[in-house]
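Below are some comments on the structure you sent, set out as numbered points. Please read them with the sequence and the coordinates open beside you.

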Amino acid sequence: MPMDLPALSPLALAAAALDDDVPAMPAARGTAPSGRSIRALTGQQKAAILVRLLLAEGADVKLSTLPEDMQTKLTETLGEMRLVDRDTLSAVISEFIETVEQVGLSFPGGLGGALKALDGKLSHGASARLRQMARDGTDPWERVLQADTNTLIAVLEPESAEVAAVVLSKLPVKRAAEVLGRLPGERARRVAYAVSLTEGIAPPMVARIGYSIAGELDNRPTRAFPAAPASRVGAILNNTTAQVRDTLLDGLTEEDVDFAEGVRRAIFTFANLAERLNPRDVPKVLRELPQNDLIIALAASLAAPDSPNGQAATFMLSNMSQRMASTLRDEVENRGKIKPKEAEAALSAVVNAVRTLVEDGEITLREDDDEDE
């Protein structure tokens with residue numbers, strides 16, 4: 001029975017799964033066109049019918065975007081339902097389509113949804129007070145999962161290893177590995193061991209830890225600069241010449257070794273291609289780069305094949321088609337000696353192409369300690 005169903009949005013599903021005293025759709029029609037009577041259905045039952053139909057049709061229904069209590073209600077109702085005749089199915093679909101077509105504007109559900117919609121538009125004080133109000137009865141771990149890695153590490157710094165272990169256990173595995181890898185060695189070992197002690201922790205305690213960490217995140221003062229100091233200096237040095245960059249890094253190392261190391265991690269140059277760029281992303285970079293810049297960058301780098309730049313050039317050639325690599329090597333041999341300023345500009349063009357792809361979300365750079373997938 002082919003039917004033209006509208007896209008089932010999470011908001012529409014949430015409305016359909018509400019308690020019966022807030023009906024999501026009109027009451028079921030009592031009689032089908034065929035003359036058969038149609039039994040009355042609750043809003044939750046209608047939502048269950050729609051979800052079951054969409055799943056049967058292979059639709060990607062993201063129920064995980066609904067609040068957990070609604071997910072629970074919907075799942076329980078699906079388990080209680082048995083057979084639904086064609087007339088009832090047609091009536092439910094018709095009512096749903098009619099309801100969706102009458103919607104002119106939808107608002108975020110609850111205070112938490114409103115805060116998410118107004119993210120970045122409220123003052124820090126108002127946002128903190130409203131988030132405190134919204135936390136009552138909500139899952140605090142959603143707030144924790146939204147925090148960036150640097151902020152999360154800063155919040156966990158004064159906490160015990162056991163608390164940090166609980167937080168790591170709630171994070172996705174890749175994110176937890178990133179946080180653990182950024183902790184100092186001894187601290188990381190204590191937290192890793194503390195994970196083994198979390199097996200018997202009671203859910204209420206996990207929830208209390210979540211509320212505590214979420215509160216700390218919300219109470220942190222708004223930063224004047226979105227990026228950390230080392231990242232800001234690294235971004236500046238990314239756009240300087242190699243000579244200036246090396247001189248400043250040497251000076252920073254004399255002043256503050258830890259800060260200088262953070263700046264080095266934030267810097268991305270042509271020499272970092274082999275360790276930071278995923279081999280499968282090399283063709284994407286080539287498409288963004290004028291061929292003349294690529295030839296000059298390769299010619300300047302391959303003049304010293306054992307240097308970091310030379311290894312990066314070899315990495316690029318090894319991860320493109322053999323025909324293209326052969327053509328480029330011929331062009332490099334015919335190019336002759338490259339002037340320093342010309343080489344610097346070409347190397348910067350390659351790096352800028354990579355940065356553009358990263359900023360556009362087309363590729364992701366690997367961390368220094370990542371292994372090839």
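1. In which sense, left-handed or right-handed, does α18 pass α19? In this predicted model, the crossing of α18 past α19 is left-handed.

2. The geometry of that pair can be described further: the axes of α18, residues 291-302, and α19, residues 308-318, come within 7 Å and cross at roughly 130°. Because angles over 145 degrees would be needed to count as roughly antiparallel and 65 to 115 as roughly perpendicular, α18 and α19 are oblique to each other.

3. As for the residues that meet there, α18 contributes Leu 294, Leu 298, Ser 301 and Leu 302, while the α19 side consists of Asn 309, Gly 310, Ala 313, Thr 314, Met 316 and Leu 317.

4. Helix α8, which spans residues 149-156, is mostly covered, with six of its eight residues buried; these are Thr 149, Thr 151, Leu 152, Ile 153, Val 155 and Leu 156. The buried residues of α8 pack against several helices, namely α7 (141-146), α9 (161-170), α10 (173-182), α11 (185-195) and α12 (203-219).

5. At the start of α8, the backbone nitrogen of Asn 150 has a side-chain oxygen of Asp 148 within 3.2 Å.

6. Turning to the chain as a whole, the protein has 21 helices and zero strands, and 34% of its 373 residues count as buried. Of the contacts between residues at least 6 apart in sequence, 73% join residues at least 24 apart. The accessible surface comes to about 22800 Å², and carbon and sulfur atoms account for 53% of it.

Conventions: Residues numbered from 1 in each chain as written. Predicted model: local features only at pLDDT ≥ 70, side-chain atom pairs only at ≥ 80, totals over all residues. Heavy atoms only, no water. Helix = DSSP H or I, 4+ residues; strand = E, 2+ residues; numbered from the N terminus. Buried < 20%, exposed > 50% of the residue type's maximum accessible area, 1.4 Å probe, protein only. Contact = heavy atoms within 4.5 Å. Areas by Shrake-Rupley, 256 points an atom, 1.4 Å probe, with all protein chains shown as cover. Polar contact = N/O pair within 3.5 Å; in protein donor to acceptor, adjacent residues only side chain to side chain. Axes fitted to C-alpha atoms, helices over the stretch in contact; angles between N-to-C directions. Parallel < 35°, antiparallel > 145°, perpendicular 65-115°, else oblique. Left-handed = near helix turned anticlockwise from the far one by under 90°.
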